[in-house]
Amino acid sequence: MNPGTATATPSVTATATPSVTAPDPRPAPPRAPARPSAAAAVHSVSAATTVLLALVAIGAMIHEPVLIPPLAASAALIHSAPTLPLAQPRGVVVGHMIGAAAGYAVLAAAGSSAWAAALAAGLTLALLTLARTPHSPAVATAVVTVLQTPAPARFLPLLFGSTVLLVLTGYAGSRVRRKAPRYPAYWW
């Protein structure tokens, strides 16, 4: 063979074997939860509505608004997704108290403004994460605290009592209907 000439490599022919596809190692993408039965939907909606109406009634009796938007969001989580970490008592009760505390701290340091409310929301999220108490409505409690500047001596006991009432109605509601998921999944 001459060094200046190209050599041909023999071609390798593949034998015809059936191809076997390896299973895809990636997990399947998450899917939306199954639609609840009509009875379950009516039960969840009526339980959440009942506790929210109770908060309005309590507020009317004491001439103080007790129902705030974050509590409505908490009721929705407790009654429609009772097994999620966001719905558990620790997150609901402690989370709202952390949100209020962060709101009052930012209010004292920076006053009442949309900028301060945004800062309070971020601080609350950080504190909730550190405390392992996930509850997104508690972030809104911090915003409400900064923007509405409620008197702490009245607001904090009402907030605490309201969150405990939400948890107790979630507990009771999950035991009324036999097939309902049990609430809470864990207390602390």
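Here is a short tour of a predicted model, stop by stop. Local features need pLDDT of at least 70, side-chain atom pairs count only at pLDDT 80 or more, and totals for chains, interfaces and linings use all residues. Residues are numbered from 1 along each chain as its sequence is written, and side-chain values use heavy atoms, with hydrogens and water left out.

Start by selecting residues 114-130, which make up helix 4 (helices are DSSP runs of H or I, at least four residues, numbered from the N terminus). The end C-alpha atoms sit 24 Å apart, which agrees with the 24 Å expected for 17 residues at 1.5 Å a residue (the expected span is 1.5 Å times one less than the number of residues).

Now colour A116, A117, A120, A121, T124 and L128: these are buried (under 20% relative accessible area, with exposed over 50% and partly exposed in between, 1.4 Å probe, protein chains only). They cover an arc of only 145° around the axis, so they lie on the same side of helix 4 (the arc is that of the directions from the helix axis to the C-beta atoms). Show helix 3 (89-110) and helix 5 (136-148) as well, since both are among what covers those buried residues. Flip to the face turned away, and you meet exposed W115, A118, L119, L125, T129 and L130. Just past helix 4, click R132, with its positive phi near 55°.

Next, jump to Q88, in the loop between helix 2 (69-80) and helix 3. Is Q88 buried or exposed? At 0% relative accessibility, Q88 counts as buried. To finish, draw a distance from Q88 to G170: the C-alpha atoms are separated by 9.7 Å, though the two are 82 residues apart along the chain.

Key:
Helix = DSSP H or I, 4+ residues; strand = E, 2+ residues; numbered from the N terminus. Contact = heavy atoms within 4.5 Å.
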